[in-house]
Amino acid sequence: MASRGNFNSKIGFIAAAAGSAVGLGNIWKFPFEVADGGGAAFVLMYLGFCFILCFPVMVTEIAIGRKTQKDPVGAFGALGFPKWKFLGKMGVLAGVLILSFYNVVAGWAFGYFLEMLMGNFAIGGQFGDYIKDVVKIGAYGAVFMFSTAFIVSKGVSGGIEKASKILMPTLLILIISLVAYAMTLPHAMEGVKFYLVPDFSEINFEVVYSALGQAFFSLSLGMGALITYGSYVSKEENIISSAALITLTDISVAFLAGLMMFPFVAYMSEGNLHEVTGGPGLIFATLPGVFESFGPILGIVVGASFFLLLSFAALTSTVSLLEVPVAYAVDELKVDRKKAVWLIAIIIFIVGIPSLMANGYSPFFSSFITYMGNDNPTDFMTLVSDIANDSLLPLGGCLISFFGAYVWKKHNLNEEIAQGYPNYHGSFVEKFINIMVSYFCPIVLGIIFVLTVLDRFFGIALV
Ligand code: TRP
C-alpha cells in the first residue's frame, strides 16, 4: 500500500471525495443550469436524481474501488472481468474531456480573483471580451493545470486532504453569509420564488437530461473517479454513510449557491428574471456588480475571497479528474507516477486549447458544429461538455450499476458494503441498493442515455 498511499483518516476520504464533488459544478454550473432549465422544476428533478439514481451508483463505485484497490481500468480486471476494462477506459476518456474544459473555466475563476483584487468590478459587464482573451485565460489555465499536477504528483494524502479540510468549510461560511446578504436586497423574493416554486410547464426532455447530467457531474460520478478514490479507503469505513455524507454535502453547497445567486440575479436585473439567459457567464456577469455594492474595500475583500475559494474548490475537483488517468497510467501501463502526472497534464491542457478558443476568440471553434434538427451552432466547449457530462457519465452510471448487479453480482457487492457496516445484511438500505442497482439505475439510465443522444445530437425527439 505504501506506494499507492492511503487516506490518513476517515474524515480524510470524505473530505477528499466531497472536495472532488464540490467545485465549479455546484457554484458555476448549477445556477446557470437552473436558470436555463426554468427554475425550481429543474432543482426538484436534480434532487430526485441525486438520491434515487446517483446514490446507488456512488456506493457501487466506492465498493468496486475499495474491493480491488485499483484504478478504474485495473479494477474490472482485478475482479476477473477483463472484458469490462472498456468501461474503465471510457471513464478515463470522460475524465480527460471534462478536465480539458473544466480547466478553462477554472482559469476564468482564478482570473476573476486577480480582477477583484485590483477592484475591477466592471469586469462583470465585460465578461464576453474577458473570455476572448486567450493569452491571458490560457496563462491562468496553465497555472491551474500546473497546480493540479503538482498536487497529484505528491500523492493522494497530504496535499488534497489538508487543503480540503480547511478551505471547504471556509467557502461554505462565505456562501452562507452571502445568502444572508442576498435576502436583504430588493427583488430578492422574486429570485427565491423562481428558484424554489416549481412551474411544471417548464419541464421538457431537455430539462430532464440536463438535470441528470448535472447530477452526475456534480457528484463526480459515472467515470470511475470514486472507484479511484474508493481504492484508497480502508475496510473499516462505512461506504453507505460516507456516500450519504458526500452526496448531502454536494447537494447542500449547490443548493446554497442557487439560494445566493437567484436573489442576486433578481436584484441585478431588477426583477426581470425571465429575461435572464443563464449560460456559462451567469455568475461571472452577476457577482462583480454585487461585490461592488459592498463599497470599495469590503467589495475587494469579499470578491477576491469568493473567487479565490472558488478556485480552491475547483482545484480539489481537477485533482480528482487528473487522478483517474494518472492512476490508470501508473497501475496499468506501469508509467512512473511523476512522469505520468506531468505528461497527462500537458496532454489535457493541449486537448483543452480548442475549448479555450471556443468562447469568441476563434469563429471556427465558437460555432463548431450544428446538431441535427437544431438551427444554432454549438461551440466546441459545449460540445465536449454535452458528450462528456450529459452522455458519457449517465452511460457510465448505467453500465457500472449493471456491472455491479449482474457481472460482479449483487452478493459480492453486498459483501463489500457490509465490511465497515455490520448491520447491513438484511437491512432496508441493502434492499434499496439492490433494487436500484439491479433494475432502476441500469434501465432508467439506459433509456435516458439513448433518448438524450437521439434528442440532442440527431434532433429526434421521441418524448
Ligand atoms: N464534481 C465536480 C464539480 O462539481 C467536477 C468533477 C470532479 C467531476 N471530478 C469529476 C465530474 C469526475 C465528473 C466526474 O465541479
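# A guided tour of the helices and salt bridges

Begin by selecting Lys136, which counts as partly exposed because its relative accessibility is 32%. The model on the screen is a predicted one, and the tour moves through it from one salt bridge to the next and then along the helix contacts.

**Stop 1: Glu115 and Lys136**

With Lys136 still selected, add Glu115, since these two residues form a salt bridge in which the closest N and O atoms are 3.3 Å apart. The pair links distant parts of the chain, with Glu115 in helix H5 (residues 85–117) and Lys136 in helix H7 (residues 134–153), 21 residues apart. Is Glu115 buried or exposed? Glu115 counts as buried, because its relative accessibility is 5%. In total, the structure holds 10 salt bridges, and two others are visited below.

**Stop 2: Lys235 and Glu416**

Next select Lys235 together with Glu416, which form a salt bridge with their closest N and O atoms 3.0 Å apart. Lys235 is found in the loop between helix H11 (225–230) and helix H12 (239–268), while Glu416 belongs to helix H19 (residues 410–418), so this pair ties together parts of the chain that are 181 residues apart in sequence. Lys235 is partly exposed, at a relative accessible area of 31%, whereas Glu416 is buried, at 2%.

**Stop 3: Arg456 and Asp386**

Now select Arg456 and Asp386, whose side chains meet in a salt bridge with an N to O distance of 2.4 Å. Arg456 lies in helix H20 (residues 428–458) and Asp386 in helix H18 (residues 380–407), so the salt bridge ties together parts that are 70 residues apart in sequence. Both Arg456 and Asp386 are buried. If you add Glu206 and Asp390 to the selection, you will have the whole of one network, in which salt bridges that share partners join Glu206, Asp386, Asp390 and Arg456.

**Stop 4: helices H18 and H20**

From that network, widen the selection to the two helices, H18 and H20, which pack at an angle of about 155° with their axes 8 Å apart. How do H18 and H20 run relative to each other, roughly parallel or roughly antiparallel? They are roughly antiparallel, because an angle over 145 degrees is counted in that way. The crossing of H18 and H20 is left-handed, and by class their contact has 15 nonpolar, 6 polar and 3 charged residues.

**Stop 5: helices H10 and H20**

Keep H20 in view and bring in helix H10 (residues 205–218), whose axis comes within 10 Å of that of H20, the two crossing at roughly 120°. That angle makes H10 oblique to H20, and H10 passes H20 in a left-handed crossing. On the H10 side the contact includes Phe205, Glu206 and Phe216, and on the H20 side it includes Leu445, Asp455 and Arg456. Glu206 and Arg456, which take part in this contact, are also members of the salt-bridge network seen at the third stop. By class, the contact of H10 with H20 has 8 nonpolar, 2 polar and 3 charged residues.

**Stop 6: helices H5 and H18**

Return to H18 and select H5 beside it, where the axes come within 9 Å and cross at roughly 145°, again in a left-handed crossing. Among the residues that meet here are Phe86, Met90, Phe101 and Trp108 in H5, and Met381, Ser385, Leu392 and Ile400 in H18. Which classes of residue make up this contact? The residues divide into 20 nonpolar, 4 polar and no charged.

Within this contact, pick out Ser385, which lies in helix H18 and counts as buried because its relative accessibility is 12%. Leaving aside its neighbours within four places in sequence, Ser385 is in contact with Phe101 and Asp390.

**Stop 7: Phe81**

Select Phe81, placed in the loop between helix H4 (72–78) and H5, which is partly exposed with a relative accessible area of 24%. Beyond its neighbours within four places in sequence, Phe81 is in contact with Phe76, Phe403, Val407 and Trp408. For a sense of scale, add Ala254, which is 173 residues away along the chain and has its C-alpha atom 37 Å from that of Phe81.

**Stop 8: helix H13**

Finish at helix H13 (residues 282–292), which is mostly covered, with 9 of its 11 residues buried. Among those buried residues are Leu282, Phe284, Pro288, Gly289 and Phe291.

Key
Residues are numbered from 1 along each chain as its sequence is written. This is a predicted model: local features need pLDDT of at least 70, side-chain atom pairs count only at pLDDT 80 or more; totals for chains, interfaces and linings use all residues. Side-chain values use heavy atoms; hydrogens and water are left out. Buried means under 20% relative accessible area, exposed over 50%, partly exposed in between (1.4 Å probe, protein chains only). Helices (H or I, at least four residues) and strands (E, at least two) are DSSP runs, numbered from the N terminus. A salt bridge is a side-chain nitrogen of Lys or Arg within 4 Å of a carboxyl oxygen of Asp or Glu. Axes are lines fitted to C-alpha atoms, for helices over the stretch in contact, and angles run from 0 to 180 degrees between N-to-C directions. Angles under 35 degrees count as roughly parallel, over 145 as roughly antiparallel, 65 to 115 as roughly perpendicular and the rest as oblique. A crossing is left-handed if the near helix is turned anticlockwise from the far one by less than a right angle, and right-handed if clockwise. Ala, Val, Leu, Ile, Met, Phe, Trp, Tyr, Cys and Pro count as nonpolar, Asp, Glu, Lys and Arg as charged, and the others, Gly among them, as polar. Contact means heavy atoms within 4.5 Å.
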